[in-house]
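Student: I would like a close look at one small part of this protein, and then a careful account of how that part fits into the rest of the fold.

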Amino acid sequence: MIRERPALPGPRLGLAVLYYQTGQIDKSVAAYEELVMVFPEHVTAWYNLATIRLDLRDTEAAVEALTRCLELKPDHVHAMFSLGLAYQEVKRFDDARRQFEHLVGVAPEFSPARLQFGIELERHGEIEQAVDQFRQASQLAPGDAIPRQYLERLTRKGDTEAGVAESENDAPVQSTESD
């Protein structure tokens, strides 16, 4: 018996993307689910499905899809980042901390990972390490006000409460871009 090979994933992927772009989210999800059933090693389909699931607040399904995506492509930076955010959403903060710590090791120049790792470090009471992550995120993305805000809040708080302050050798964070 000759087995038929399924059609290439391109047209199915295109249809799933088109549904998403035209606001037909339910159809897009169904198309991505069909695509990953027929092509279970299609990394982009798993990642896109996870992203939609996150948008729909179907976080557990997003975690499953992101986990599968990372099984197929362990160095997928955006999947690692999204998985950390998903863990935060379902209050799996220890998992989120580990995920962002791993991501910072894999992609140290990815400032959003440093920001989120800093948030998790602060949540876990590791203030000095959090300050370091916020400082590095600020340096990597000088136009991004959010890491600076976290850094300023913690260093002010540290001056009065925990003794965490910028050292005299650290230059203040300056931005030439508007916030």
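Where in the chain is the place of Asp144?

Tutor: Asp144 lies in the loop between helix 8 and helix 9, the latter covering residues 145-162. Everything that follows is read from a predicted model rather than from an experiment. With a relative accessible area of 29%, Asp144 counts as partly exposed, since that value falls between the 20% limit for buried residues and the 50% limit for exposed ones. A useful distance to check is the one to Pro112, which is 32 residues away along the chain, while the two C-alpha atoms are separated by 9.8 Å.

That pair leads to the packing of helix 7 and helix 8. Helix 7 (residues 111-123) and helix 8 (residues 127-140) have axes 8 Å apart, set at an angle of about 160 degrees, which makes the two helices roughly antiparallel. The crossing of helix 7 over helix 8 is left-handed. From helix 7 the contact draws on Ser111, Arg114, Leu115, Phe117, Gly118, Ile119, Leu121 and Glu122, and from helix 8 on Ile127, Gln129, Ala130, Gln133, Phe134, Gln136, Ala137 and Leu140. Sorted by class, this contact of helix 7 with helix 8 comprises nine nonpolar, five polar and two charged residues.

Phe134, already met in that contact, also belongs to the largest nonpolar core, which has 46 residues; Phe134 is there together with Tyr32, Leu66 and Leu103 as one of the members that touch the most others. The largest share of this core comes from helix 3 (residues 43-55), which supplies eight residues. Each of the remaining three hubs opens a further part of the fold.

Leu103 leads to helix 5 (residues 77-89) and helix 6 (residues 93-106), whose axes come within 8 Å and cross at roughly 160 degrees. Helix 5 and helix 6 are therefore roughly antiparallel, and helix 5 passes helix 6 in a left-handed crossing. On the helix 5 side the meeting residues are Val77, Met80, Phe81, Leu83, Gly84, Leu85, Tyr87 and Gln88, and on the helix 6 side they are Phe93, Asp95, Ala96, Gln99, Phe100, His102, Leu103 and Val106. The contact of helix 5 with helix 6 divides into eleven nonpolar, four polar and one charged residues. In the loop between these two helices is Lys91, which is exposed at a relative accessible area of 61% and has a positive phi near 60 degrees, although Lys91 is a residue other than glycine.

Leu66 leads to another set of contacts: beyond its neighbours within four places in sequence, Leu66 touches Tyr47, Ala50, Leu54, Ala79, Ser82, Leu83 and Ala86. Ala86, in helix 5, counts as buried because its relative accessibility is 0%. Apart from neighbours within four places in sequence, Ala86 contacts Leu54, Thr59, Val63 and Leu66; of these, Val63 is 23 residues away in sequence and 6.4 Å away in space, C-alpha to C-alpha. The loop between helix 3 and helix 4 (59-72) holds Arg57, which is exposed, with a relative accessible area of 60%, and which has a positive phi of about 65 degrees without being a glycine. Most residues other than glycine have a negative phi.

Tyr32, finally, takes part in the contact of helix 2 with helix 3, where Ile25, Ser28, Val29, Tyr32, Glu33, Leu35 and Val36 meet Ala45, Trp46, Asn48, Leu49, Ile52 and Arg53. The axes of helix 2 (residues 25-38) and helix 3 come within 9 Å and cross at roughly 150 degrees, again with a left-handed crossing.

As for the wider setting, the protein is built from nine helices and zero strands. Of its 179 residues, 41% count as buried. Among contacts between residues at least 6 apart in sequence, 46% join residues at least 24 apart.

Methods: Residues are numbered from 1 along each chain as its sequence is written. This is a predicted model: local features need pLDDT of at least 70, side-chain atom pairs count only at pLDDT 80 or more; totals for chains, interfaces and linings use all residues. Side-chain values use heavy atoms; hydrogens and water are left out. Axes are lines fitted to C-alpha atoms, for helices over the stretch in contact, and angles run from 0 to 180 degrees between N-to-C directions. Helices (H or I, at least four residues) and strands (E, at least two) are DSSP runs, numbered from the N terminus. Angles under 35 degrees count as roughly parallel, over 145 as roughly antiparallel, 65 to 115 as roughly perpendicular and the rest as oblique. A crossing is left-handed if the near helix is turned anticlockwise from the far one by less than a right angle, and right-handed if clockwise. Contact means heavy atoms within 4.5 Å. Ala, Val, Leu, Ile, Met, Phe, Trp, Tyr, Cys and Pro count as nonpolar, Asp, Glu, Lys and Arg as charged, and the others, Gly among them, as polar. A nonpolar core is a set of buried Ala, Val, Leu, Ile, Met, Phe, Trp, Tyr and Cys residues joined through side-chain atoms within 4.5 Å. Buried means under 20% relative accessible area, exposed over 50%, partly exposed in between (1.4 Å probe, protein chains only).
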